[in-house]
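User: Could you take a close look at one part of this model, the surroundings of a single loop, and lead me through it step by step? I am new to it, so please explain each term when you first use it.

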Amino acid sequence: MSAGAAGLRLLRAERRVELMSRLIEDRNLDLGITQDQASAAQTYLMGLNDALPGALIGASPAGVIASGNAGVQDLLGYRMAELSGTQLERIWPSAPEFIARCLIQGGGLLRDEADWLAQDGRVIPVLISASVHRDRKNQPVSLVFVALDLSERRRLEVELRHAQKMESLGQLSAGVAHEINTPMQFIGDNLHFIQEAIGKLQPLLDALPDLRAHLPAAEAARFSQLQAGTDLGFIRDRLPRALDRALEGVRRVSHIVEAMRAFSHPQTEMAAVDLNKGLRDTLTVANNEYRYVADLVCDFGDLPDVICNGGDMNQVFLNLIVNAAQAIGDRQQRSDKAARGRIHVATHREADSVVISISDDGSGIPPAIRHRVFDPFFTTKEVGKGTGQGLAISRNVVVERHGGTLDFVSEHGGGTSGTTFTIRIPINGRRKDDSSARPVAEGFAA
């Protein structure tokens, strides 16, 4: 091969290398742009996932958690690093059944409601939308679940049902109070008449023994016989006292009727309310709940009228008093010594708020469940006795509607036990700028 031909081949080879280098550079540039685009798309998708109004979880068909958005931690309290690689059953006990339904379904979204378990043990109701990703052979590859928190909706449903029940109960109570009040007025008026008549007859009854001495022998004997048969002395002594007791009973029934009417009176707006009177009315209405298990001690301070919803506050008082009576009853059932309990209700003013405390010496609240006391539907009572709504509704009334606080301290076990719930309500009503609930001290306050 001549030197010229060799040089030509070398030149051609160099041109090929140069062309190949340019192609490689162009390809690398294209790859770089593609990677940037992919990274931007991934960042965009992650942003969308985190912006979803709920928790998004990706899992394998076997139920192993693979990924999730920021809403998972907001909803459940877990970081994704703690959940990644674990079974969905950890947070969703009925997950296997739901996944089986998803895999059987040919396509589309599957929706259902379920209960998820938060890191702190709370049960959170959620609405789940699920989608199955499949490969070209229609085999399931992964699943995506989006869960929306239903706690607020459930709370509103509970409050609506409770409000409807209380409205019906209020109407019934008002009707019953009215029907009782009318005959009690008749009875009271007649008893007052009889009492006045007995008072006017008393001088005549006192004079009858002296009049007998002036009667002929036959009439005197007849009078003595009638007097012995009627036991006039006993009647003269006991009849006034019997009338006094009957009138006291009438006054007590009238007081109960008035308390029922006040308790059931609907109030939809904030107004100036005497909370001491509301407590007295509530204690009268709830008397049958605690009279057999506890003695009541009241220590009412001098309170100004408070801007609040009196009907709602009466319902809070009723919930706490009934809970106190049931706690004492529970302690008595568990103890060999069925000693009567004690419920202490006290009020006082503290700066620009009024404070109401309701204490009992019942069984107390175990430390393990104190953080769940105000959760909707949470109850330790047997089925049919408790709904788990009373304290949740009470917290909402005091904190959310009135800008106050509802907290408790409790002793459980040991030599002494018991619980004190304390309510603080602003005297002048909720501040307009107080638009959010106050923070809850874990396990102790609401």
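**A loop, its sheet and the rings beside it**

Analyst: N138 is found in the loop that joins β4 (123-134) to β5 (140-149), where helices (H or I, at least four residues) and strands (E, at least two) are DSSP runs numbered from the N terminus. The model is a predicted one, in which local features need pLDDT of at least 70 and side-chain atom pairs pLDDT 80 or more, while totals for chains, interfaces and linings use all residues. Residues are numbered from 1 along each chain as its sequence is written, and side-chain values use heavy atoms, without hydrogens and water.

What is unusual about the backbone of N138, which is not a glycine? N138 has a positive phi, about 65 degrees, and its relative accessibility of 48% makes it partly exposed (buried is under 20%, exposed over 50%, partly exposed in between, with a 1.4 Å probe and protein chains only). A351, another residue that is not a glycine, also has a positive phi, near 60 degrees. The loop that holds A351 runs between β9 (341-350) and β10 (353-360), and A351 counts as exposed because its relative accessibility is 64%.

The two strands that flank N138's loop, β4 and β5, belong to an open sheet of 5 strands, in the order β2-β1-β5-β4-β3 and with antiparallel pairing, where two strands pair if DSSP finds at least two bridges. At the edges of this sheet are β2 (65-68) and β3, each of which pairs on one side only. From one strand to the next, the twist averages 30 degrees, with axes fitted to C-alpha atoms (for helices, over the stretch in contact) and angles from 0 to 180 degrees between N-to-C directions. On the other side of β5 from β4 in that order is β1; this strand, residues 55-59, pairs with β5 in the antiparallel sense over 5 bridges. Within this part of the sheet, G58 stands opposite V144 of β5.

A helix accompanies the strands: α4 lies across β3, β4 and β5 and runs at about 30 degrees to β4, contact being heavy atoms within 4.5 Å.

Aromatic side chains add further links. Rings of Phe, Tyr and Trp (its six-membered ring) pair if their centres lie within 6.5 Å, as stacked with planes under 30 degrees apart, edge-to-face over 60 and tilted otherwise; by this rule there are 5 aromatic pairs. In one of them, the ring centres of W92 and W116 are 5.7 Å apart and the planes meet at 40 degrees, so this pair is tilted. W92 lies in the loop between α3 (80-83) and α4 (95-104), whereas W116 is in strand β3 (residues 110-117), so that a pair 24 residues apart links distant parts of the chain. Both W92 and W116 are buried.

The rings of F98 and F145 are likewise tilted, because their centres are 6.2 Å apart and their planes stand at 50 degrees. Since F98 belongs to helix α4 and F145 to strand β5, this pair ties together parts 47 residues apart in sequence. F98 is buried at a relative accessible area of 5%, and F145 is buried as well, at 1%. Taken together, W92, F98, W116 and F145 form one aromatic cluster.

To return to the starting point, the loop of N138 leads from β4 into β5, the strand that contributes F145 to its pair with F98 of α4.
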